[in-house]
Amino acid sequence: DKIIVGSYMGYLRIFNPRPVKPGDEIQPEDLLLEVQLREPILQVEVGKFVSGTEGLHLAVLHCRKLCVYAVSGTLGNVEHGNQYQIKLMYEHNLQRTACNMTYGPFGGVKGRDLICIQSMDGMLMLFEQESYAFGRFLPGFLLPGPLAYSSRTDSFITVSSCRQVESYKYQVLAFATDADERQETEQQKLSSGKRLPLNPVDWVLNIGEQALDICVVSFNQAVSSVFVLGERNFFCLKDNGQIRFMKKLDYSPSCFLPYCSVKEGTINTLVGNHSKMLNVYQDITLKWATQLPHIPVSVKVANLQDLKGVIVTLSDDGHLQCSYLGTDPSLFQAPRVDSREINYEEFEAEMKELQKIIKEATKTQDILPKSEKHRDLIVTAEVSPDLDAESQAIDSEVKAEAVPSVTVKITVQSRVTAQKPNLAVCVQAPLAVTCDQFVFDDLEPDSSETVVLSVFLKGNCSPSELEGNCLVSYNIPTELNPEGIPKVAQCNFRLPLRLVCSPAQPSKAANHKITIDTNKPPISFLTIFPDFVDPSEDDQANVLGFQFLTGSKTTLLASKTSQRYRIQSDQLEDLWLITKELTLRLEEHFKKQNCKDFACTFSGSIPLQEYFELIDRHFELRLNAEKFQELLSERAVQFRAIERRLLTRFKDKTPAPLQHLDTLLEGTFREV
């Protein structure tokens, strides 16, 4: 089995662990493939998703896109030289934000799998491989829940906001009808769906709690069960929604997995919880409990190399672990030895000799680890302390009079021969660089390359962070692999705050305020913000104003009587950047003072209401744009219908004027 992991950072990784002995760390060749897809990955599934073949393909769900890939490999000359790639077979751009998906042979089709995606606003979007089939809205929808498909009953099973398990037959969804049967454009089909009949549910079971996951299992023809993991219970249901059994949990679960039991008529279930425990149940009986080093958010059972039944767990911070239950038996038996008298003088001489060896080894030990000191290639980034005298900003959308830029000098030093070195420089939008890709000639041993670029604010909004990343990919040739083994070196750099804002007069009043508590006396802004303070202005020691290029203003105040700092602004989103910069500069200041116990805390209430209002305003703008797009699509359909009726009516009468009419309609259509 291979292990496929998708992350919210957009990384797709495929692992093939090959342990030599228990406790081994991951080896480089265990990672078969790593690709950054640039969009958060919500879910990955493997199935028969491509028409014309029953081969397995990989489906990746993003917020607004569904992509299906083929995974292939090419053998290399050495073991870790094997190359794996993914090829995009097709993709569907979603008009609604996705939550999760399920797949299966919907409608009893043979030799292929269909995909059903649940959107955040309660629409089920069904795709027949490369084609969009239809969309249906779930009745009484409020929030999306887990979604699963039962091939035995050809039903979709979910848990609604009413805290009840609901089952919908595929045939009921497929044959739902509208009173309006007019032709729809492809755009309309993707963004709209039909309402289901008044009572479309096949069966309902009230479980009285929200659900974390649903799993449909059928390990033989006689038994098919629906498992539902709730917040305090897990349920085993029959195909018709009747409870087969349930188990009350005395902990908060995080994930679960039903799997086949060795005892006939029973099902084993792995349940992970937020206490870093993994419990094994046989039906409702606890058979085993074990401690994990992390909180599992996903658990699977795999067969890896010669190990069967390996438990694979994944934490929310990306810690992947393969483990098995039980202990290794010790087959070694120490031979019996004859007792003899201990020669203490001989032991003491041996001890002194060993201590001498340890002392010499300590003296000659390198300060840096060998792996760090003897790296093949080193990349460093140096940010200029001053802004560019002449701004290098290109095509900036910022409405300010002048958009500054700052120079970053990047140096690549190679200790060995490095083939095909490529440098990529990344900053998060709305920041941009004058050039983000550099291709060098092959680097000889003890050679270097230097490039200079500028960073500036391109979008008309404040960035979420002022950090950048440099990444160099290159190949190291070997005797067995002259084309080289691929390697990567990278470094981070931090951009100045003056790049996005400038000093300004502080504001006394503001709509949004937060207070940061510290355990040390307040530090003068002359010390931690020298780039924003005029030394001749005494009143700037405890109050500062920041004018963002986007037009908004933020004020920072230090208390004279307590260990607190206040950040205030008229816009909630402008508080974050100054707050982050303040905490970073305070930590750097106290680190230079060799103070190890400095801490920043926030004891106020989290401004959730303001945060939600900000989200509402964002989506109101987005909904207005979507409604306008729908209106344009409707008008286009109406113009086409008028054109068809006129062409039919005057087809055999006036050919010449008809051409002018067609041209007129076509021009009107383009204008609309």
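In the predicted model, six strands form an open sheet in the order E36-E38-E39-E40-E37-E41, and the pairing is antiparallel. The edges are occupied by strand E36 (501–504) and strand E41 (600–601); each has a single partner strand, so one side of each is left without a neighbour in the sheet. Within this sheet, strand E37 (residues 512–518) and strand E40 (residues 564–569) are joined in the antiparallel sense by six bridges. In this pairing, Lys-513 is placed opposite Gln-568 of E40. Helix H6 (residues 575–592) lies across E37, strand E38 (543–548), strand E39 (553–558), E40 and E41. The angle between H6 and E40 is about 155°.

The loop between E37 and helix H5 (525–528) contains Lys-520. This lysine counts as buried because its relative accessible area, 18%, is under the 20% cut-off. Beyond its neighbours within four places in sequence, Lys-520 is in contact with Gln-563, Phe-590, Cys-595, Asp-597 and Phe-598. For one of these residues, Asp-597, the C-alpha atom is separated from that of Lys-520 by 9.3 Å, with the two positions 77 residues apart along the chain counted as their separation.

A nonpolar patch on the surface is formed by Phe-602, Ile-606, Leu-608, Tyr-611 and Phe-612, whose accessible area together is about 520 Å². Of these residues, Leu-608 lies in helix H7 (residues 608–649). The relative accessibility of Leu-608 is 44%, so this residue counts as partly exposed.

A further open sheet, of four strands, has the order E12-E13-E14-E16, again with antiparallel pairing. Strand E12 (147–150) and strand E16 (201–206) stand at its edges; each has a single partner strand, and therefore one side of each lacks a neighbour in the sheet. On average, neighbouring strands of this sheet are turned by 20° against each other, direction ignored. Strand E13 (residues 155–159) and strand E14 (residues 164–169) run antiparallel and are joined by five bridges. Here Val-159 is found opposite Val-165 of E14.

Several backbone features occur in loops. Most residues other than glycine have a negative phi, and most peptide bonds are trans. Gln-129, which is not a glycine, has a positive phi of about 60°. Its place is in the loop between strand E10 (123–128) and strand E11 (131–137), and Gln-129 is buried, with a relative accessible area of 4%. Asp-395 likewise is not a glycine and has a positive phi, of about 50°. Asp-395 lies in the loop between strand E28 (377–387) and strand E29 (405–414). With a relative accessibility of 62%, Asp-395 counts as exposed. The peptide bond from Ala-429 to Pro-430 is cis, its omega being near 10°. Pro-430 is located in the loop between strand E30 (419–427) and strand E31 (431–433).

For the chain as a whole, the secondary structure amounts to eight helices and 41 strands. The chain has 672 residues, of which 39% count as buried. Among contacts in the chain with a separation of 6 or more, 55% are between residues 24 or more positions apart. The area exposed by the chain is about 40300 Å², and carbon and sulfur atoms supply 51% of it.

How values were computed. Residues numbered from 1 in each chain as written. Predicted model: local features only at pLDDT ≥ 70, side-chain atom pairs only at ≥ 80, totals over all residues. Heavy atoms only, no water. Pairing = 2+ DSSP bridges. Helix = DSSP H or I, 4+ residues; strand = E, 2+ residues; numbered from the N terminus. Contact = heavy atoms within 4.5 Å. Axes fitted to C-alpha atoms, helices over the stretch in contact; angles between N-to-C directions. Buried < 20%, exposed > 50% of the residue type's maximum accessible area, 1.4 Å probe, protein only. Areas by Shrake-Rupley, 256 points an atom, 1.4 Å probe, with all protein chains shown as cover. Patch = residues over 30% accessible without salt bridge, like charges linked within 9 Å, V, L, I, M, F, W, Y side chains within 5 Å. Salt bridge = Lys/Arg side-chain N within 4 Å of Asp/Glu carboxyl O.
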